[in-house]
Amino acid sequence: MTETHVPETHVKDRWPPQPRGYFAIGAERISKSRNLGNLMRSAHGFGASFTFTVGSRYIDDESYADTSKSQLHLPHYNWPSLDDMALPGGCRLVGVELIEGAHDLPSFRHPLRAAYVLGPEKGSLSPELLAKCDHVVKIPTMFCINVAMAGAIVMYDRLRTLTRFADRPVGEGGPSADDLRRFADLRRKD
Ligand SMILES: C[S@@+](CC[C@H](N)C(=O)[O-])C[C@H]1O[C@@H](n2cnc3c(N)ncnc32)[C@H](O)[C@@H]1O
């Protein structure tokens, strides 16, 4: 199967399934363009409405890591500082950081309108940015993982928890064709 292959069953329904609302994702003071490109590519794949950076002056060309060319499909904002950050009204800012007091991601209810913000490769989200966050979540890992990887896990969790998928069978493997058909009917009624 090639990277761009979309199964026929997914063409009629929206793929990936999207919950109501929208989300954006970005990073503060990110410094490696391949990490930003990787994050933007995943954001595009998961159906983000826009991507952003805050205070990332040294980013040169993220395009070589973003082979999906997300900037052709969704807006990207480079906000020079926190004061320049302009989120749409009602959009909740969700910090993603491995810190004491953050909510465990598996126990977190995602806001329907959310902007997720990650920290720099060397360091953490600034206290100023954390103070602006409506929520902060942490991924249950022993230590910090790659920033783009952390972003992808958060986006997967959002999709997994806010949209419907066919139930997992009791035994190993995927759902049967019958179960999938029943589920497709249910989703159409959503
Ligand atoms: C590579 S980490 C930063 C390095 C880290 N502060 C350190 O020195 O150990 C980059 C960013 O990825 C995100 N991140 C990585 N692992 C995470 C986790 N387990 N939970 C939440 N965020 C995580 C955070 O946004 C973090 O600021």
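The following exercises, each with a worked solution, concern the structure shown above.

The structure is a predicted model, in which local features need pLDDT of at least 70 and side-chain atom pairs count only at pLDDT 80 or more, while totals for chains, interfaces and linings use all residues. Residues are numbered from 1 along each chain as its sequence is written.

**Exercise 1. The sheet**

Determine the order of the strands in the open sheet and identify its edge strands.

*Solution.* Helices (H or I, at least four residues) and strands (E, at least two) are DSSP runs, numbered from the N terminus. Two strands pair if DSSP finds at least two bridges between them.

Step 1. The seven strands of the open sheet follow the order E3-E2-E1-E6-E4-E7-E5, with parallel pairing.

Step 2. E3 and strand E5 (103–104) each pair on one side only and are therefore the edge strands.

Strands of a sheet pair through backbone hydrogen bonds, either parallel or antiparallel.

**Exercise 2. The partners of E1 and E2**

Describe how E1 pairs with E2 and E6, and how E2 pairs with E3.

*Solution.* Step 1. E1 and E2 run parallel and are joined by five bridges. Within this pair, Ala24 has Phe50 of E2 as its bridge partner, and Ala27 has Thr53 of E2.

Step 2. The chain passes from E1 through H2 to E2 in a right-handed β-α-β crossover. The term right-handed means that, with the strands pointing away from the viewer, the path from the first strand over the helix to the second runs clockwise.

Step 3. E1 also pairs with E6, in the parallel sense over six bridges; here Phe23 stands opposite Ala114.

Step 4. Four bridges link E2 to strand E3 (residues 76–79), again in parallel, and Thr53 has Asn78 of E3 as its bridge partner.

**Exercise 3. Burial and the core**

State whether E1 and E2 are enclosed, and describe the largest nonpolar core.

*Solution.* Step 1. A residue is buried if 20 or more other C-beta atoms lie within 10 Å of its own, exposed if 12 or fewer, and partly exposed in between, with C-beta atoms placed from the backbone.

Step 2. Six of the seven residues of E1 are buried, so this strand is largely enclosed by the rest of the structure. E2 is likewise largely enclosed, because four of its five residues are buried.

Step 3. A nonpolar core is a set of buried Ala, Val, Leu, Ile, Met, Phe, Trp, Tyr and Cys residues joined through C-beta atoms within 7 Å. The largest one has 29 residues, and Ile25, Leu39, Val96, Tyr116 and Val117 have the most contacts inside it. Among the elements that each supply at least two of its residues are strand E1 (22–28), helix H2 (33–46) and helix H4 (147–162).

**Exercise 4. Arg182**

Locate Arg182 and classify its exposure.

*Solution.* Step 1. Arg182 is part of helix H5 (residues 177–189).

Step 2. Arg182 has 14 C-beta neighbours inside 10 Å and therefore counts as partly exposed.
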